Amino acid sequence: MASWSAFATDEPRLADGIRLLLQQYGPGFGYLATVRADGGPRVHPVCPVITDEGLFCFVVDSPKRRDLERDGRYALHSFPPEESDDEAYLAGRARPVSDPAQVARIARVGRAAPQVDWRLFEFDVDVAMLTRRGPGGLVQPGEGAGRPAVQVWLDARPAHGGDAAGVPDQRPARRGGRHGFDTRRTAA
């Protein structure tokens, strides 16, 4: 998995577009999907914090925190804008942040209340997607007949082997291009 910072360095315009959608109402706001113990999905509203250090989220003692502690897989989706149907999507793995200095820095930036029982997680990025439909859900002129503009980035990590915890990679083999998709063109 790539850190948010590595992803943003690799695809700065895509990262900026995703950041703008996640922070469109001021502080970050989106929907976090986690994996329940029975394998089913769980979805919660959250306030992600994006800094130069990475993508983070403060998670209070809750089922979603237990999901992330047990199985770090996540998906994060932006809240829909009022003027369009644009959307941002990220997926990867979350891991707890244990460095007290980093936790303190991110707590200041995210204005996290110190008296709350929260834990800070950093979200690595395996998949990033930005879909632009324009005002009222319409595609902008020149973007194709009724098709949204979609940009997709996939982590360039080899599709074989495992992650740091030794979990085998379950992703399909990549086809073409550095990330398997040309992020400079709209999807067909």
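1. Let me start with the cysteines in this predicted model. The count of disulfides comes to zero. The pair to look at is Cys47 and Cys57: the sulfur of Cys47 has its closest cysteine sulfur in Cys57, at 7.3 Å, which is too far for a bond. A disulfide would need the two sulfur atoms within 2.5 Å. Seen from the other side, the sulfur of Cys57 likewise has Cys47 as its closest cysteine partner, again at 7.3 Å and too far for a bond. The surroundings of these two residues are worth a glance as well: Cys47 is partly exposed, with a relative accessible area of 47%, whereas Cys57 counts as buried at 1%.

2. Before going further, a word on confidence. The chain has an average pLDDT of 80, and 76% of the residues score at least 70. Among the elements of the chain, strand E5 (residues 73–78) has the highest mean pLDDT, 97, while helix H4 (residues 100–110) has the lowest, 83. The stretch to treat with care is residues 159–188, where the pLDDT is below 50; beyond near neighbours in sequence, this stretch has 48 contacts in the model. Where pLDDT is low, predicted coordinates should not be read in detail. I would therefore not read those contacts in detail.

3. Now to the strands, with E5 as a good place to begin. Strand E1 (residues 30–35) pairs with E5 in the antiparallel sense, over five bridges. Within this part of the model, Leu32 stands opposite Leu76 in E5. E5 is also joined to E6 by five bridges, and these two strands run antiparallel. One residue pair to display here is Tyr74 with its bridge partner in E6, Gly92. E5 thus pairs with E1 and with E6.

4. The structure holds 14 salt bridges. One of them is formed by Arg42 and Asp67, whose closest N and O atoms are 2.6 Å apart. Arg42 lies in strand E2 (residues 41–46) and Asp67 in helix H3 (residues 63–70), so this pair ties together parts that are 25 residues apart in sequence. What is the accessibility of each partner? Arg42 is partly exposed, with a relative accessible area of 23%, and Asp67 counts as buried, at 2%.

5. Arg95 deserves a point of its own. The side chain of Arg95 meets that of Glu122 in a salt bridge, at 2.7 Å from N to O. Since Glu122 sits in strand E7 (residues 118–123) and Arg95 in strand E6 (residues 87–96), the pair ties together parts that are 27 residues apart in sequence. Glu122 is buried, with 5% relative accessibility, while Arg95 is partly exposed, with a relative accessible area of 39%.

6. Arg95 also meets the side chain of Asp124 in a salt bridge, here at 4.0 Å from N to O. This pair links distant parts of the chain: Asp124 is in the loop between E7 and strand E8 (127–132), Arg95 is in strand E6, and the two are 29 residues apart. Asp124 is buried, with a relative accessible area of 13%. Elsewhere, salt bridges that share partners join Asp61, Arg65, Arg66, Glu69 and Arg119 into one network.

7. Where does Asp155 lie, and is this residue buried or exposed? Asp155 lies in the segment after strand E9 (149–154). At 9% relative accessibility, Asp155 counts as buried. A polar atom of the Asp155 side chain lies 3.3 Å from the backbone nitrogen of Ala2.

8. Last, a pair that is easy to overlook in the sequence. Val116 is found in the loop between H4 and E7, and Val116 is partly exposed, with a relative accessible area of 35%. Although Val116 and Val60 are 56 residues apart in sequence, their C-alpha atoms are 7.3 Å apart in space.

Terms used
Residues numbered from 1 in each chain as written. Heavy atoms only, no water. Helix = DSSP H or I, 4+ residues; strand = E, 2+ residues; numbered from the N terminus. Buried < 20%, exposed > 50% of the residue type's maximum accessible area, 1.4 Å probe, protein only. Polar contact = N/O pair within 3.5 Å; in protein donor to acceptor, adjacent residues only side chain to side chain. pLDDT = per-residue confidence, 0-100. Contact = heavy atoms within 4.5 Å. Pairing = 2+ DSSP bridges.
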